[in-house]
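Thanks for making time this morning. I would like to walk you through a structure that is new to most of us, and I will go slowly.

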Amino acid sequence: MDYELIKKRLAPCGLHCGKCFAFKDGDIGKFSFKLRESLGDFDVYAKRFVDLIDEPVFLKYPEFKEMLDYMSLPQCGGCREEKCKLFKGCKVRECSERLNVDYCFECIDFPCNNTGFDEHLQKRSVEINTRMKEIGVDNYYDEIKDKSRY
Ligand code: SF4
Ligand code: SF4
């Protein structure tokens, strides 16, 4: 894939926006929408199936649908376009723009303590950026593009 297109999907911290549930152009939103469409008016049937096939799991359909509705309408254009909706304390986006680097691994201060991340995310970002530095952005993207980020 073209470098600029990869950049739209990979945040400067290395996280894969393309696989984020909140990403407008992502698989999770797309497939949730399709599943929502395929289920149609399943509410009625979910109620019936509780007794019809003696399966109480169908009682949980309203909660499942609520979640699916939420996942079907992703709101984020990705880190290159707007502030992250998940990690509100993230400082990487602004910092990388100020230092004029596409990814943290290109920065002379990498790895730094200026990300605003918690321990878990900090560790992940350092691992991802170390890998990108090792094999290059294109190869890294090929490595992860079809994997879940979760
Ligand atoms: S910027 Fe944050 S919320 Fe938006 S797609 Fe990327 S990780 Fe998800
Ligand atoms: S200072 Fe830290 S957060 Fe900012 S670009 Fe460099 S490595 Fe990333």
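I will begin with one ligand and its surroundings, and then turn to two helices.

Please keep in mind throughout that what you see is a predicted model. Let me start with ligand 2, whose space is the largest pocket. Which residues are around ligand 2? There are four cysteines to find, Cys-95, Cys-104, Cys-107 and Cys-112, and together with them you will see Ser-96, Leu-99, Val-101 and Phe-110. If we sort this shell by character, seven of its residues are nonpolar and one is polar, while none is charged.

Now please move to helix α2, which runs over residues 27-39 and has 13 residues. At 1.5 Å a residue we would expect a span of 18 Å, and because the C-alpha atoms at its two ends are 18 Å apart, the expectation and the model agree. Where are the buried residues of α2? They are Gly-29, Ser-32, Arg-36 and Leu-39, and since they cover an arc of only 95° around the axis, they sit on the same side of α2. On the face turned away from that buried side, the helix carries the exposed residues Lys-34, Glu-37 and Ser-38.

Finally, let us look at Tyr-3, which belongs to helix α1, residues 3-9. Is Tyr-3 buried or exposed? With a relative accessible area of 27%, Tyr-3 counts as partly exposed, because buried would require a value under 20% and exposed a value over 50%. In sequence, Tyr-3 and Val-137 are 134 residues apart, yet in space their C-alpha atoms are 8.1 Å apart.

Notes. Residues are numbered from 1 along each chain as its sequence is written. Chains are lettered from A and ligands numbered from 1 in the order in which they are written. This is a predicted model: local features need pLDDT of at least 70, side-chain atom pairs count only at pLDDT 80 or more; totals for chains, interfaces and linings use all residues. Side-chain values use heavy atoms; hydrogens and water are left out. A residue is near a molecule or strand if one of its heavy atoms lies within 4 Å of it. On a 1 Å grid over the protein atoms alone, a cavity is a set of points where a 1.4 Å probe fits but cannot get out, and a pocket is an open set with protein on both sides within 12 Å along at least five of seven lines; lining residues have an atom within 4 Å of a point. A molecule sits in a cavity or pocket if more than half of its atoms lie within 2 Å of its grid points. Ala, Val, Leu, Ile, Met, Phe, Trp, Tyr, Cys and Pro count as nonpolar, Asp, Glu, Lys and Arg as charged, and the others, Gly among them, as polar. Helices (H or I, at least four residues) and strands (E, at least two) are DSSP runs, numbered from the N terminus. The expected span of a helix is 1.5 Å times one less than its number of residues. Buried means under 20% relative accessible area, exposed over 50%, partly exposed in between (1.4 Å probe, protein chains only). The arc is that of the directions from the helix axis to the C-beta atoms.
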